[in-house]
Amino acid sequence: MTLRIAFTASDAHTAQTARAALVSRYGSVPEEEANVIVALGGDGFMLQTLHRTQHLDVPVYGMNRGTVGFLMNEYAESDLLDRLSDAEEAVINPLSMKATCEDGSVHQALAINEVSVLRAGPQAARLKITVDGRLRMEELVCDGALLATPAGSTAYNYSAHGPILPIGSDVLALTAIAPFRPRRWRGALLPKTANVRFDVVDPDKRPVMADADSNSVENVISVEIRSEPDIAHRILFDPGHGLEERLIREQFV
């Protein structure tokens, strides 16, 4: 199969310079005509590219031209066609967030890494947690909490002392951020099919915001989260450096 490559890059100078060099060497087609997209930047740009192109059902191969590159491959101008032909594909499903605000407005967004609820004022948030319609925690006093996918488990989730999840696992990580009560609660592992709801207690005194891959919503009173199996993001990695290997390796650093 002839590779039709669409190159896209972040606004960073190093990414734009790399794109110019690769386009000069390999040519480029519009994303709608491509059978592979090469994204140049960091993890943040990779997430933007995956969200923006999810309707195309085209795999995305990232090359690191940013500061963080967990979802990216090493950058090199040579042998790109061979690397793309030999690349391993990982398929991930995003999370769907439905956030309801104090004014009654409802906001929806998708998250490849995690959905988080975070305190937006000087006082800790007070949250109720319901899983599949059953109240599981009457009160969590904390700076916030998040629900992470396996692909996102090494990001904010890991910094909050959550577990790293194997990429093929059908589980989600529910992790507390700086919990005050119960102080020792470190979260839970939930099946991928779980529907999770956070309800904000006393939102006027303890305002809370919600965030789905940097799509933020302020003054939320409830946030509902579930996996979205009908959307599949296809990510390409060099052989031996796929997402599963990276998740395992990260646990031995």
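**Salt bridges, buried residues and enclosed space in a predicted model**

In this predicted model, Arg 181 is partly exposed, with a relative accessible area of 41%. The side chain of Arg 181 meets that of Glu 139 in a salt bridge, with a distance of 3.2 Å from N to O. Glu 139 belongs to strand E9 (residues 134-142), whereas Arg 181 lies in the loop between strand E11 (171-177) and strand E12 (188-191), so the pair ties together parts that are 42 residues apart in sequence. Glu 139, like its partner, is partly exposed, and its relative accessible area is 24%. Arg 181 is also joined to Pro 182 by a cis peptide bond, for which omega is about -5°, and Pro 182 is likewise found in the loop between E11 and E12. Such a bond departs from the usual pattern, since most peptide bonds are trans.

The count of salt bridges in the structure comes to 11. One of them is formed by the side chains of Arg 83 and Asp 238, at 2.8 Å from N to O. Here Arg 83 lies in helix H3 (residues 80-86) and Asp 238 in the loop between E17 and helix H5 (243-250), so the contact ties together parts that are 155 residues apart in sequence. Both Arg 83 and Asp 238 are buried. Another salt bridge links the side chains of Asp 199 and Arg 197, with a distance of 2.9 Å from N to O; Arg 197 is partly exposed, its relative accessible area being 29%. In addition, Asp 57, Glu 89 and Arg 234 are linked in a network of salt bridges.

Two members of that network, Asp 57 and Arg 234, also appear in the lining of the largest cavity, which is formed by Leu 50, Thr 53, Gln 54, Asp 57, Val 58, Val 60, Ala 232, His 233 and Arg 234. The volume of the largest cavity is about 50 Å³, and a search of the whole structure finds one cavity of 30 Å³ or more.

Leu 50, one of the residues lining the largest cavity, is also among the buried residues of helix H2 (residues 43-52), which are Asp 43, Phe 45, Met 46, Leu 47, Thr 49 and Leu 50. These buried residues are covered by elements that include strand E1 (5-9), strand E2 (36-41), strand E3 (60-64) and strand E17 (233-237). Within strand E1 is Thr 8, which is buried with a relative accessible area of 12%. Residues up to four places away in sequence aside, the contacts of Thr 8 include Phe 45, Thr 49 and Arg 52, as well as Ile 37, Val 38, Ala 39 and Leu 40.

Helix H2 also takes part in the largest pocket, to whose lining it gives the most, with four residues. About 240 Å³ of space lies in this pocket. The residues that line the largest pocket are Gly 44, Leu 47, Gln 48, His 51, Asn 113, Glu 114, Ala 155, Asp 211, Asp 213, Ser 214 and Asn 215.

Of these lining residues, Asp 213 may be described in further detail. Asp 213 is found in the loop between strand E14 (208-212) and strand E15 (215-217), and it is buried, with a relative accessible area of 13%. Although buried, Asp 213 has no salt bridge, and the nearest side chain of opposite charge, that of Arg 52, is 13 Å away. The side chain of Asp 213 instead has a polar contact of 3.0 Å with the side chain of His 51, and it reaches the backbone nitrogen of Ile 112 at 2.5 Å. Leaving aside residues up to four places away in sequence, Asp 213 touches Leu 47 and His 51, together with Leu 110, Ala 111, Ile 112, Asn 113 and Glu 114.

The backbone of Asp 213 is also notable for a positive phi, near 50°, in a residue other than glycine. Most residues other than glycine have a negative phi. A positive phi, of about 70°, is found as well at His 161, which is not a glycine either. His 161 is located in the loop between helix H4 (156-159) and E11. In accessibility the two residues stand on opposite sides, for His 161 is exposed, with a relative accessible area of 64%, whereas Asp 213 is buried.

Notes:
Residues are numbered from 1 along each chain as its sequence is written. This is a predicted model: local features need pLDDT of at least 70, side-chain atom pairs count only at pLDDT 80 or more; totals for chains, interfaces and linings use all residues. Side-chain values use heavy atoms; hydrogens and water are left out. Helices (H or I, at least four residues) and strands (E, at least two) are DSSP runs, numbered from the N terminus. Buried means under 20% relative accessible area, exposed over 50%, partly exposed in between (1.4 Å probe, protein chains only). Lys and Arg count as positive and Asp and Glu as negative; His and the chain ends are not counted. A salt bridge is a side-chain nitrogen of Lys or Arg within 4 Å of a carboxyl oxygen of Asp or Glu. A polar contact is a pair of N or O atoms within 3.5 Å; within protein, one must be able to donate a hydrogen and the other to accept it, and residues adjacent in sequence count only if both atoms are side-chain atoms. Contact means heavy atoms within 4.5 Å. On a 1 Å grid over the protein atoms alone, a cavity is a set of points where a 1.4 Å probe fits but cannot get out, and a pocket is an open set with protein on both sides within 12 Å along at least five of seven lines; lining residues have an atom within 4 Å of a point. Grid points are joined across faces, edges and corners, and a volume is the space filled by probe spheres set on the points.
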